[in-house]
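Notebook open, structure loaded. I'm jotting down a few things I looked up, helices before strands.

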Amino acid sequence: MNVSLNWLSTHLDLGGKSIKEIDDLLTFAGVEVEGIETKGIVSEKIVVAQIKEAVQHPNADKLKVTQVDAGEGQLRQIVCGAKNYQVGDKVPCCLPGAELPGGFTIGETKMRGVESKGMLAAAVEIGLPAGEDGLLILPEDFPIGKPVKELFESDVLLELEVTPNRPDLLSHFGMARELATLLKTPLQPLDIPTRSTTPAADITLEAPDACPLYTAVKITGVTVKESPAWLQQRLESIGLRPINNIVDVTNFVLHELGQPLHAFDLAKLSGGIVVRHAKDGETFTALDESEHALTPDDLLISDNSGAALAMGGVMGGLHSGVTETTTDILLESAYFTPQGIRRTSRRTALTSDSSYRFERGVDPQGVLPASALAVKLILETAGGSAEESTQVAGEAPGLTKPVALDTAKLDQLMGGSISLTDAEEILTRLGLEKLADGTWNVPSFRDDLQRHIDLVEEIARVHGLDNVPSRFLGAFVPASPVDLAYDADMILRRRLAALGLYECQTIKLISDAEMVDALPLRPLVDGDVIRVKLPLSEDHAVMRPSIVPGLVTSAARNVRQQAKSLRFFEMGRVFRNAGGGKAKDQESETLALLVGGATAPAAWNQKERQADLYDLKAVIQAIVPNIPIRFLPRERDGFALGCDIKAGDQNIGVFARLKPARERELDFTSPVFAAELDLTKLRKLLAGIDHVEDLPQFPGSSRDAAMEVPATLPNADIENVLLKLGEPLLESFECFDVFADPSGEKLAADRKSVAYRFHYREPSRTLKAEEVDAAHQKALDALTQKLGVKFR
């Protein structure tokens, strides 16, 4: 919600509080200040100055050296490049230290060798609306030396985030009421006339559950025209666009009091108003011209003919609003139950300032005062005459009840930091009234105060939590390396579980037969394996040098239980001698992964696909998402396929596929892939803060290239050449097609065709085609020189 400080000042004296003080006050009171925007002149060091002399700059044709009187008792020399002034004119002078919009501070400097002690400014440079080119020429009667900010109106716009339980703050008067309580300053009373009421003759209330109270006032003979300047200025100060005097008044009252209103063109109504639930399938055209099919849960404002005039509490209709030809209006002010408005707004995706307030709950007792204020302003700005009494259908619901304050509990929770007298004084400032039985009568605009603890929270909030003594319960202990490692492991576990992998816990002792599946980070040499001297069984004869054997055994057991998909991981310690047993035994922590079988459950609408090495690579990429993962071929004894795994520039683990013979031996019906990763390195990769990059502002350009290479050339060799290329415009590349013809008819049997897509981008500008072509040719030339590829 946008709040204008000038608008707030019409309700209370802010007592010279700075913007920083108001920001802190609201923040500590539970209202988040999301942004502060200053409109107009801020600095006191921008003063009225008169130009006494202007001579040509000795070293610049387009500059002049001026002498100005800024009310300091002596002339000030300033170099200026403007052309629209004459000697004797009064202009804004920014003295050294003056702060300009954008965070720029004026200082003394030399311009082309001539000293300049300030700046003569244009309107836009000091925060005023842009005017003619050149300096802002001020009226002759402006006093020399007076701060310019005192001669032009300025304002500060606060962007506030109000919690859903405080709808009473969604207006300038509500926010002023809150600040008056916090500052202990009087709140200016509202000038709202009292209007009589009468039972509605033209309103039929068919849905009292959704609309307990509906009021209407007929105003005839109005003239729809542009709003007066003060009203336009109020709306523009919070970012609203003035439309016409009738609509602007309803918007003003909404942001002044927090009560939404709506004005109907009386000539477009057939008979009276009917407040009803919509019929199933009934259509409604909103003000934004969107069409909506309604349900009986939606509330409609219609006339006697059944025509839908407005979606109650959400948005007016396209064909019933006020236009330039309108002369008679019907002014609506009502209370709608929040649940219904929230449900309709969410379902139709229609939101408005009105629905934002109704779905949080407006003050039922504010319906009639808001209507009376709007009637007064419409008569002042549009003329005409209003019927003497306001038509009322239904009654305002009572949402609050007396609440007792438990003084003993108050003293306990506040740590004795506030007396009962001061606590009661705070409740009184908040608008509560102490009754004869000791309970507190809660005002209608604070229906969030329902329990004793709610009163205590309000007292603590206004009193200030800093004033509540703290209790020393324990000393702060910084996170230890063990804590950090545990946190990183939990992150990995959660990510892997989210990817559909199941965690295993296998025993750290394995058999000699299982050693064939071991995939240690470094290949084993004689003497590296640690054997148990007196094993309980032959299945527990070796301390595992790798976790993969345990996962393979678990996978085989799952296959025997008819499992179709194999997706497992385990974290744990592995053991080995260092240097073939010549050094101390080593323990390290690793993460093992295993995938195989179907990638998804069987379904009628998709073909079953078996997991491959790229599924495992995708899992690894997902657990360290900000670092590119590459597989570099390296043979591993006992496996059909082996690779080193690199994250960026460092090795983090190994990858392998079981030999087909081993897969058949364990009854696997599809390839099985495993990886073992260094857990210590993974933890370091997860440390620090995750950063988010902005989306590119400028488009990139892609180029495709198909190359003919030997059939035995690993893809990693191509990636290495491109990574070492150092071309700054090359943002990314990917292989999207591989073709081979074993028959040799379309392509030699010992050759293959690999197609790559290259993407080029410059972050600061749009690339020209020639630049992209040059960068692309550089990449192709590097591939030709390093690998001898031929491009097709």
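What covers the buried residues of helix 13? I found that the cover includes strand 29 (509-510), strand 32 (565-577), strand 33 (585-597), strand 36 (650-658) and strand 37 (672-678); contact here means heavy atoms within 4.5 Å.

Ground rules: this is a predicted model, where local features need pLDDT of at least 70 and side-chain atom pairs count only at pLDDT 80 or more, while totals for chains, interfaces and linings use all residues. Numbering starts from 1 along each chain as its sequence is written, and side-chain values use heavy atoms, with hydrogens and water left out.

Helices (H or I, at least four residues) and strands (E, at least two) are DSSP runs, numbered from the N terminus.

I checked which residues of helix 13 are buried (under 20% relative accessible area, 1.4 Å probe, protein chains only). Among them are Val548, Leu551, Val552, Ala555 and Val559. After the helix comes glutamine 562, with a positive phi near 70°.

Next, helix 10 (residues 420-429) against helix 11 (residues 452-463): the axes, lines fitted to C-alpha atoms over the stretch in contact, are 10 Å apart at an angle of about 95°. That makes the two helices roughly perpendicular (65 to 115 degrees). Ala423, Ile426, Leu427 and Arg429 of helix 10 meet Leu455, Glu458, Ile459, Val462 and His463 of helix 11.

Last, strand 12 (residues 155-161): I see five of its seven residues buried. Strand 2 (residues 32-39) pairs with strand 12 antiparallel over seven bridges (pairing takes at least two DSSP bridges). Lysine 39 sits opposite aspartate 155. Strand 1 (residues 2-4) also runs antiparallel to strand 12, joined by three bridges, and serine 4 has leucine 157 as its bridge partner.

Note on methods: Buried < 20%, exposed > 50% of the residue type's maximum accessible area, 1.4 Å probe, protein only. Axes fitted to C-alpha atoms, helices over the stretch in contact; angles between N-to-C directions. Parallel < 35°, antiparallel > 145°, perpendicular 65-115°, else oblique.
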